[in-house]
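Student: I should like to learn how the features of a structural model are read, one at a time. Could we begin with the vocabulary and then turn to particular residues?

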Amino acid sequence: MIDNKAQLTVYYDGACPRCIKDRDNYQRLQGQNKYSVRWFDITGKDKQLKQLGIDPQLALTELHVKNTDGNIVSEMDAYILLMSRVSLLKPLAFIIALPIIRPLLAGLYHYKVNKRLKQTGRLSK
């Protein structure tokens, strides 16, 4: 069972308009439980990310979330964790976790993120 009062930390790209919109939508859907998620903008925070064991370039290409145990999960695991904490998004978290759906969404996600980073000149080779 998930303790919705326990805080998660979401490491997101604050220089990405889509990421900000997704954060705002999540907060709206989350409603009164807003205190259970701390949003950490990774922009210009390479040193802090490295101290947490997060590769700054990887943080740009994959969502990272520190769970209630202090462990950091990324990519689809991070999305599933976040979505499972919001009643309206729980069915979507279940679907994303399906073995046939998960790799397809991961591939699509990486394609779109890499395209965005390349267009903005932020994709490191």
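Tutor: Helices are DSSP runs of H or I with at least four residues, and they are numbered from the N terminus. The model shown here is predicted. In it, Lys50 belongs to helix H2, which spans residues 46-51.

Student: Is Lys50 buried or exposed?

Tutor: Exposure requires a relative accessible area over 50%. Lys50 has 59% relative accessibility and therefore counts as exposed.

Student: How far is Lys50 from Leu108, in sequence and in space?

Tutor: The two are separated by 58 residues in sequence, and their C-alpha atoms are 27 Å apart. For another such pair, take Trp39, which is part of strand S2. Trp39 and Val65 are 26 residues apart along the chain, with 9.4 Å between their C-alpha atoms.

Student: Which residues does Trp39 contact, once its neighbours within four places in sequence are left aside?

Tutor: On that basis, Trp39 is in contact with Val10, Tyr12, Arg23, Tyr26 and Gln27.

Student: How is the packing of two helices described?

Tutor: Two packed helices are described by the angle between their axes and the distance between the axes. In this model, the axes of H4 (residues 75-83) and H6 (residues 102-119) come within 10 Å and cross at roughly 105°. Angles of 65 to 115 degrees count as roughly perpendicular, and H4 and H6 are therefore roughly perpendicular to each other. On the H4 side, the contact is made by Glu75, Met76, Asp77, Tyr79 and Ile80, and on the H6 side by Arg102, Leu105, Ala106, Tyr109 and His110. Sorted by class, the contact comprises six nonpolar, one polar and three charged residues.

Student: What is the backbone phi of Glu75, and how accessible is this residue?

Tutor: Phi of Glu75 is near 55°, a positive value in a residue other than glycine. Glu75 lies in helix H4 and, at 22% relative accessibility, counts as partly exposed.

Student: Which residues touch the most other members of the largest nonpolar core?

Tutor: A nonpolar core is a set of buried residues of certain types joined through side-chain atoms. The largest one here has 28 residues, of which Val10, Ile42, Leu49, Leu63, Val65 and Leu82 touch the most other members. At least two residues of this core come from each of strand S1 (8-12), strand S2 (37-41), helix H3 (56-61), H4, H5 and H6. H4 supplies the largest share, six residues. As for Leu63, apart from its neighbours within four places in sequence, its contacts are Val10, Tyr11, Val73, Ser74, Glu75, Ala78, Tyr79, Leu82 and Tyr109.

Student: What is to be noted about charged residues in loops, such as Asp13 and Arg85?

Tutor: Two matters may be read in turn: accessibility, then side-chain partners. Asp13 is placed in the loop between S1 and helix H1 (17-30), and at 4% relative accessibility Asp13 counts as buried. Its side chain is joined to that of Arg116 by a polar contact of 3.2 Å. Beyond its neighbours within four places in sequence, Asp13 has contacts that include Asp41, Thr43, Arg116 and Arg122.

Student: And where is Arg85 found, and which side chain does it meet in a polar contact?

Tutor: Arg85 is found in the loop between H4 and helix H5 (90-97). Arg85 is buried, with a relative accessible area of 5%, and its side chain forms a polar contact of 3.4 Å with that of Ser36.

Terms used. Residues numbered from 1 in each chain as written. Predicted model: local features only at pLDDT ≥ 70, side-chain atom pairs only at ≥ 80, totals over all residues. Heavy atoms only, no water. Axes fitted to C-alpha atoms, helices over the stretch in contact; angles between N-to-C directions. Parallel < 35°, antiparallel > 145°, perpendicular 65-115°, else oblique. Contact = heavy atoms within 4.5 Å. Nonpolar A, V, L, I, M, F, W, Y, C, P; charged D, E, K, R; others polar. Buried < 20%, exposed > 50% of the residue type's maximum accessible area, 1.4 Å probe, protein only. Polar contact = N/O pair within 3.5 Å; in protein donor to acceptor, adjacent residues only side chain to side chain. Core = buried A, V, L, I, M, F, W, Y, C linked by side-chain atoms within 4.5 Å.
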